[in-house]
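Work through the exercises below with the structure open. Each task is followed by a stepwise solution.

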There are 2 protein chains.
Amino acid sequence: MGESLSTAAPIGIFDSGVGGLTVARAIIDLLPHEQILYVGDGANGPYGPKPADQVREFSIDIGDYLVDQGCKAIVIACNTATAASFQILQERYEERYDIPVFGVIQPAVRRAIATTRSGRVGVIATEGTVQSGAYDDAFRLLNDDIEVVSAACPRFVDFVERGITTGRQILGLAENYLAPLQQAGVDTLVLGCTHYPLLSGVIQMVIGPDVTLVSSSEETAKDVMRVLSEKNLLAPESKLPHEALTEDAVMREPVRRFETTGDPERFAELARRFLGSMVGNVTATTLTN
Amino acid sequence: MGESLSTAAPIGIFDSGVGGLTVARAIIDLLPHEQILYVGDGANGPYGPKPADQVREFSIDIGDYLVDQGCKAIVIACNTATAASFQILQERYEERYDIPVFGVIQPAVRRAIATTRSGRVGVIATEGTVQSGAYDDAFRLLNDDIEVVSAACPRFVDFVERGITTGRQILGLAENYLAPLQQAGVDTLVLGCTHYPLLSGVIQMVIGPDVTLVSSSEETAKDVMRVLSEKNLLAPESKLPHEALTEDAVMREPVRRFETTGDPERFAELARRFLGSMVGNVTATTLTN
């Protein structure tokens, strides 16, 4: 397990289902040369309503699998799993084998602390994440002066997975969920669930233009890049000097594996809603009308 | 032209090439039910080095085409084109036909003003955008007290299009480009080119963790959603009451057309680097090692 970390090894990413794909996509955006091994735990997800002990067991099972598959880094792309098992996975892989472990909570908390002016930060997440107090703890650890106001938004995930991101229903739901945060006067809002970036339009609309949204998915991706770069663990890129940039330097598509412990068809269908296969055929146009 | 705006009509998006796809993707994320008609002006792009007059002509040609194709909104998904032609396209379509026109500059400027604590904001963009002074003007219009420090990053686009987003070369380039902004002590940095979100990892690494990045692509997408919602121009979604959410309510894939005035194969190849066809086959796993 973990005897030799190769720069060409995949980045291991896991989630209870498809939500972590927003993290995977952000990582692929920033690191298009990296191999990816994504595991969605469809058989056991969603983790939100499960006890923390059980989520920890699931996380260890998947973490061990990713390490056995040779992954050079482990990304817990799920807030509930990060809350339950970030520390134990760090001890298990990072301290023992020097395999860096990333959660989605700490990067978002650091960004929110850098962004807030008023010192009042909102966090929206699933019931499980809110109840775990993981965001409160993470803020307290870094800056004791921040006032954290959390709100559980249990029904958001359902709407995202059904592709309903606009309209009267989701707007009404968002108004209800976000009202206490507005009353508290937060100026920064952490999207503490990997599904929520797909709702950032409706969330921004309801919370108002003066509140800055922080996506844990994007912040985590930037963290992964920074740490892998510092540890010299990034996949090799073109070695050409920049003067010689040619078509040869164009990237080759690395292997990205998506696995699920649940139903592959169901995963693929949901995944399309997250990531799509956006550009199919491109047609030439001469702008004639 | 524009005689009847239908909610089912496509959102028209254009750019000098593929960079605007980051805007298109952000719009699709937030509005998965919308039809999209994207035009990349490969025959005339990149716009960066061209005179503003000429960019304005290109913009009008494409804008007219999009309106003739029945688009219910026009998104100028290019900073150079926004700088050169936002006002004229607003007059031409919004004032005359009530077709909303969006640029990528104003939404990012509003977000940066809401985010900065020090009042010192950095803007990185192409040479053309920086020279146009469009960001300076947009900041001045909304808040005269903001100190704007701009830096042209002419070679970033090339690197993004070649898929080179990490490594010594791009790191060195970013260090050079961003040094004046660091010296000026900006606490917020606008990514004033639609290619740059794909470099947010290296940019964040170089500029440091305390600076908040603002993506014009994401902010524009949120603006499009808000305005179309306010104008009741969003595509119809499921009409079911939320208690009856069933598999029937699952979204159907709307038509998304991608057209280029240049070489379709070249466009498709570059587009894949921006958007990918990320999730292909999904395999079932039982986590056995």
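**Exercise 1. Find the neighbours of A:I124 and place the residue in the nonpolar core.**

Step 1. The model is predicted. List the contacts of A:I124, leaving out residues up to four places away in sequence. They are A:A151, A:C153, A:F156, A:L178, A:L181, A:L189, A:V190, A:L191, A:G192, A:C193, A:Y196 and A:I203.

Step 2. Turn to the largest nonpolar core, which has 118 residues. A:I124 is among those with the most contacts inside it, as are A:F156, A:I203, B:I124, B:F156 and B:I203.

**Exercise 2. State how far the model of chain A can be trusted.**

Step 1. Start with the average: chain A has a pLDDT of 88. At least 70 is reached by 88% of the residues.

Step 2. Look for the weak stretch. Over residues 238–251 of chain A, pLDDT stays under 50. The model has 27 contacts for this stretch beyond four places in sequence. Where pLDDT is low, predicted coordinates should not be read in detail.

Step 3. Add the scores for the complex: ipTM is 0.85 and pTM is 0.89.

**Exercise 3. Check the length of helix α11 of chain A and describe its start and its buried side.**

Step 1. The helix covers residues 264–275, 12 residues in number. At 1.5 Å a residue, the expected span is 16 Å. The end C-alpha atoms are 16 Å apart, so the two values agree.

Step 2. Inspect the start of α11(A). There, a side-chain oxygen of A:D263 comes to within 3.1 Å of the backbone nitrogen of A:E265.

Step 3. Pick out the buried residues of α11(A): A:F267, A:A268, A:L270, A:A271, A:R273, A:F274 and A:L275.

**Exercise 4. Classify two aromatic pairs of chain A by geometry.**

Step 1. Count first: there are 10 aromatic pairs over all chains.

Step 2. Take A:Y38 and A:F267. Their ring centres are 5.9 Å apart and their planes meet at 50 degrees, so the pair is tilted. A:Y38 sits in strand β2 and A:F267 in helix α11, so the pair ties together parts 229 residues apart in sequence. A:Y38 and A:F267 are buried.

Step 3. Take A:F156 and A:Y177. The centres are 5.0 Å apart, with 80 degrees between the planes, and the pair is edge-to-face. A:F156 belongs to helix α7 and A:Y177 to helix α8, so this pair ties together parts 21 residues apart in sequence. Both residues are buried.

Step 4. Look for a cluster. Ring pairs link A:Y38, A:F258 and A:F267.

**Exercise 5. Describe the setting of A:N79.**

Step 1. Locate A:N79 in helix α3 of chain A, residues 79–97.

Step 2. Apply the cut-off: buried means under 20% relative accessible area. A:N79 has 3%, so it is buried.

Step 3. Find a polar partner. A polar atom of the A:N79 side chain lies 3.0 Å from the backbone oxygen of A:G192.

Step 4. Extend to other contacts of A:N79, including A:V104, A:T129, A:Y135 and A:S216.

**Exercise 6. Find the unusual backbone geometry in chain A.**

Step 1. Check omega. The peptide bond from A:G45 to A:P46 is cis, with omega near -5 degrees. A:P46 lies in the loop between β2 and α2.

Step 2. Check phi. A:N232 is not a glycine, yet its phi is positive, about 55 degrees. A:N232 is in the loop between α10 and β9. Its relative accessibility is 64%, so A:N232 counts as exposed.

Note on methods:
Residues numbered from 1 in each chain as written. Chains lettered and ligands numbered in written order. Heavy atoms only, no water. Core = buried A, V, L, I, M, F, W, Y, C linked by side-chain atoms within 4.5 Å. Buried < 20%, exposed > 50% of the residue type's maximum accessible area, 1.4 Å probe, protein only. Contact = heavy atoms within 4.5 Å. Helix = DSSP H or I, 4+ residues; strand = E, 2+ residues; numbered from the N terminus. Expected span 1.5 Å × (residues − 1). Polar contact = N/O pair within 3.5 Å; in protein donor to acceptor, adjacent residues only side chain to side chain. Phe/Tyr/Trp six-rings, centres within 6.5 Å; stacked < 30°, edge-to-face > 60°. pLDDT = per-residue confidence, 0-100.
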